[in-house]
Amino acid sequence: MTMNHISVEQKLISRVEDVTPTVLRAMAATTDPRLKQLMTSLVTHLHQFVIETRPTEAEFEYGLRWIAELGHRTNEFHNEVVLAADAIGVSTLIDLINNDGMQGETMSALLGPFYRGEAPQCQCGDCIARSETPGAELYFSGRVVGVDGAPIEGATLDVWQASPVGLYENQDESQDDFNLRGKFRTDAEGRFHFVSVKPAGYPVPTDGPVGDLLRAQHRTPLRPAHIHFIVSAPAHKTLITQIFADTHEALVNDVVFGAKRQIVGAFVRHDEPHPDYPGAATPFYTCHYEFKLVEGTPCFPMPPISGKKG
């Protein structure tokens with residue numbers, strides 16, 4: 001037996017304990033330091049998980065099929081991969097890790113799987129309900145300011161929400177394209193306002209592998225009522241957040257763990273006509289919220305979806 005043959009034999013895997021160090025050695029020449037750090041940690045923890053839980057071959061095959069189905073269910077109007085990351089709390093962890101060390105700005109929240117981007121530019125006061133949409137009218141107003149309270153002129157608010165029947169327009173062929181989506185700019189005082197419908201809580205899609213998981217875990221698929229915002233301005237860090245309008249029980253049971261007390265809005269019901277809102281059909285709701293941005297470099301997310309059904 002040659003020395004070269006002995007050297008090869010020594011590197012062959014024969015025990016469980018051999019696998020992780022062998023794989024790590026195979027990746028050791030990675031030149032990108034961040035990739036090397038990420039993959040070393042991923043392999044180490046993933047291998048330890050397998051050693052600890054000892055999945056059967058049938059369980060392993062099922063897990064691979066479940067992951068593959070996430071990709072099969074992802075298309076231009078639905079993103080099951082993002083939904084899965086949301087439902088197991090990874091998206092909220094990423095959000096908190098990357099927005100830790102608050103400096104007085106508004107708290108962030110996860111992007112979610114229904115952001116399309118390219119929403120129509122609107123004028124302040126416009127209604128984003130572009131098709132007949134049931135539900136009480138909502139008059140949403142507010143300001144965008146710095147952490148010092150100074151108004152930010154020309155800030156952009158990218159807004160989107162589900163209809164009161166619990167569907168985003170990309171899920172619902174009956175809604176017009178970009179229904180309940182729009183972009184607004186602040187005036188010299190940092191002010192903005194728009195008209196919509198009061199949001200309602202809704203179940204996340206459960207007809208795919210994420211739904212199978214939720215049912216197996218006896219979990220609610222419900223999200224509390226909310227409106228999504230991406231608030232951006234030059235020389236300021238982009239804020240991705242949600243303003244919530246629901247009960248405490250609904251907030252704490254959020255299926256994607258995204259609800260936070262600081263970003264619960266005061267949605268006020270009006271059962272009588274109000275001089276500030278002439279023509280509003282009762283009952284209607286108002287909400288005023290002040291978004292605070294910290295200085296930084298704007299950075300925008302890649303939309304998880306790009307189209308709608310129909």
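Student: How many disulfides does this protein have?

Tutor: The count comes to 0 disulfides. Keep in mind that we're looking at a predicted model.

Student: How do you know that Cys122 is in no disulfide?

Tutor: Check its nearest partner. The closest cysteine sulfur to that of Cys122 belongs to Cys127, and it is 9.3 Å away. A disulfide needs the two sulfur atoms within 2.5 Å, so this pair doesn't make the cut.

Student: What is a disulfide, anyway?

Tutor: It's a covalent bond between the sulfur atoms of two cysteines.

Student: Why is Cys122 called buried?

Tutor: Its relative accessibility is 6%. Buried means under 20%, so Cys122 counts as buried. Now try Cys299: its relative accessible area is 57%. Exposed means over 50%, so Cys299 is exposed.

Student: And what makes Val50 partly exposed?

Tutor: Val50 comes out at 40% relative accessibility. That sits between the 20% and 50% cut-offs, so Val50 is partly exposed. Val50 lies in helix H3, residues 33-53.

Student: Which residues make the nonpolar surface patch with Val50?

Tutor: Its partners are Leu35, Met39, Leu42, Leu46 and Phe49, and the patch covers about 520 Å². A patch residue needs over 30% relative accessible area, so Val50 at 40% passes that test.

Student: How much of the protein is buried?

Tutor: Buried residues make up 40% of the 310 residues. The protein has 8 helices and 10 strands, and its C-alpha trace spans about 95 × 40 × 35 Å along the principal axes.

Student: How many aromatic pairs are there?

Tutor: The count is 16 aromatic pairs. Let's take one.

Student: Why is the pair of Phe192 and Phe194 called stacked?

Tutor: The ring centres are 6.5 Å apart, which fits the limit of within 6.5 Å, and the planes meet at 20°. Stacked means under 30 degrees, so that's the label this pair gets. Both Phe192 and Phe194 are buried.

Student: What makes the pair of Phe192 and Phe291 tilted?

Tutor: Here the centres lie 6.1 Å apart and the planes are at 40°. An angle under 30 degrees would be stacked and one over 60 edge-to-face, so 40° lands in the tilted class. The pair also links distant parts of the chain: Phe192 is in strand E4 (residues 191-197) and Phe291 in strand E10 (residues 284-293), 99 residues apart. Phe192 and Phe291 are buried. They also belong to one aromatic cluster, together with Phe140, Phe184, Phe194, Phe229, Phe267 and Tyr289.

Student: How do you know that Arg116 lies over the face of Phe178?

Tutor: Arg116 is at 4.0 Å from the ring centre. The distance limit is 6 Å, so that part of the test is met. Lys198 does likewise over the face of Tyr285, at 5.1 Å from the ring centre.

Student: Is Phe178 buried or exposed?

Tutor: Buried: 15% relative accessibility is under the 20% cut-off. Phe178 lies in the loop between strands E2 (156-160) and E3 (181-185). Its phi is positive, about 65°, although Phe178 is not a glycine.

Student: Which other residue has a positive phi without being glycine?

Tutor: Phe257, with phi near 60°. You'll find Phe257 in the loop between helix H8 (248-252) and E9. At 42% relative accessible area, between 20% and 50%, Phe257 is partly exposed.

Student: Where is the cis peptide bond?

Tutor: It runs from Thr282 to Pro283, with omega near -5°. Pro283 lies in the loop between strand E9 (268-270) and E10.

Notes: Residues numbered from 1 in each chain as written. Predicted model: local features only at pLDDT ≥ 70, side-chain atom pairs only at ≥ 80, totals over all residues. Heavy atoms only, no water. Patch = residues over 30% accessible without salt bridge, like charges linked within 9 Å, V, L, I, M, F, W, Y side chains within 5 Å. Areas by Shrake-Rupley, 256 points an atom, 1.4 Å probe, with all protein chains shown as cover. Salt bridge = Lys/Arg side-chain N within 4 Å of Asp/Glu carboxyl O. Helix = DSSP H or I, 4+ residues; strand = E, 2+ residues; numbered from the N terminus. Buried < 20%, exposed > 50% of the residue type's maximum accessible area, 1.4 Å probe, protein only. Phe/Tyr/Trp six-rings, centres within 6.5 Å; stacked < 30°, edge-to-face > 60°. Lys NZ or Arg CZ within 6 Å of the ring centre and 35° of its normal.
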